[in-house]
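Student: I would like to learn how to read charged side chains in a structure that I have not met before. Could we go through it together, step by step?

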Amino acid sequence: KSKNILFVISKPDVFKSPASDTYIIFGEAKIEDLSAQAQAAAAEQFKRPDTLQPGPAETPAATVAQIEEEGEDVDETGVEENDIKLVMDQAQVSRAKAIKALKANKNDPVDAILALSEDSAA
């Protein structure tokens, strides 16, 4: 049979035999199926994120601004692709923000990352 089943006594009365290592336990025994509990916990875990996600009518203004910004076409001339990717990864920003920061900081990725990090911290 299954090894994931436990017999549980919630309020036991335990007595030890004085002559040996024998114990006598009185109480109501209940069966707990550990695999069923694990399945229920996993199912509950998948239910929670659905309740936390905002619906389409509840989209925050910051998210809308971020979506609009990502849709922009930014002129990439004079900016290296490696620098753009580096700034995007390190500062956790969109491609458009990375390009703007690089151009504002004379194509210096370190200064661009610092500037973006200061902006997000403020």
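Student: Before we begin, which side chain of opposite charge is nearest to Asp 83, and is Asp 83 buried or exposed?

Tutor: Keep in mind that this is a predicted model. Asp 83 is buried yet takes part in no salt bridge, and the nearest side chain of opposite charge, that of Arg 95, is 11 Å away. Because a salt bridge needs the nitrogen and the carboxyl oxygen within 4 Å, that pair does not qualify.

Student: Where does Asp 83 lie, and with which residues is Asp 83 in contact, leaving aside its neighbours within four places in sequence?

Tutor: Asp 83 has its place in helix α3, and, once those sequence neighbours are left aside, Asp 83 is in contact with Leu 102, Asn 107 and Pro 109.

Student: How many salt bridges are found in the whole structure?

Tutor: The search finds two. In one of them Glu 81 pairs with Arg 95, the closest N and O atoms being 2.7 Å apart. This pair links distant parts of the chain, with Glu 81 in helix α3 and Arg 95 in helix α4, 14 residues apart. Glu 81 is partly exposed, at a relative accessible area of 34%, and Arg 95 is also partly exposed, at 28%.

Student: What are the partners and the closest N and O distance in the salt bridge of Asp 21?

Tutor: Asp 21 pairs with Lys 16, and their closest N and O atoms are 3.6 Å apart. Asp 21 counts as exposed because its relative accessibility is 67%, whereas Lys 16, at 45%, counts as partly exposed.

Terms used
Residues numbered from 1 in each chain as written. Predicted model: local features only at pLDDT ≥ 70, side-chain atom pairs only at ≥ 80, totals over all residues. Heavy atoms only, no water. Buried < 20%, exposed > 50% of the residue type's maximum accessible area, 1.4 Å probe, protein only. Helix = DSSP H or I, 4+ residues; strand = E, 2+ residues; numbered from the N terminus. Lys, Arg positive; Asp, Glu negative; His and termini not counted. Contact = heavy atoms within 4.5 Å.
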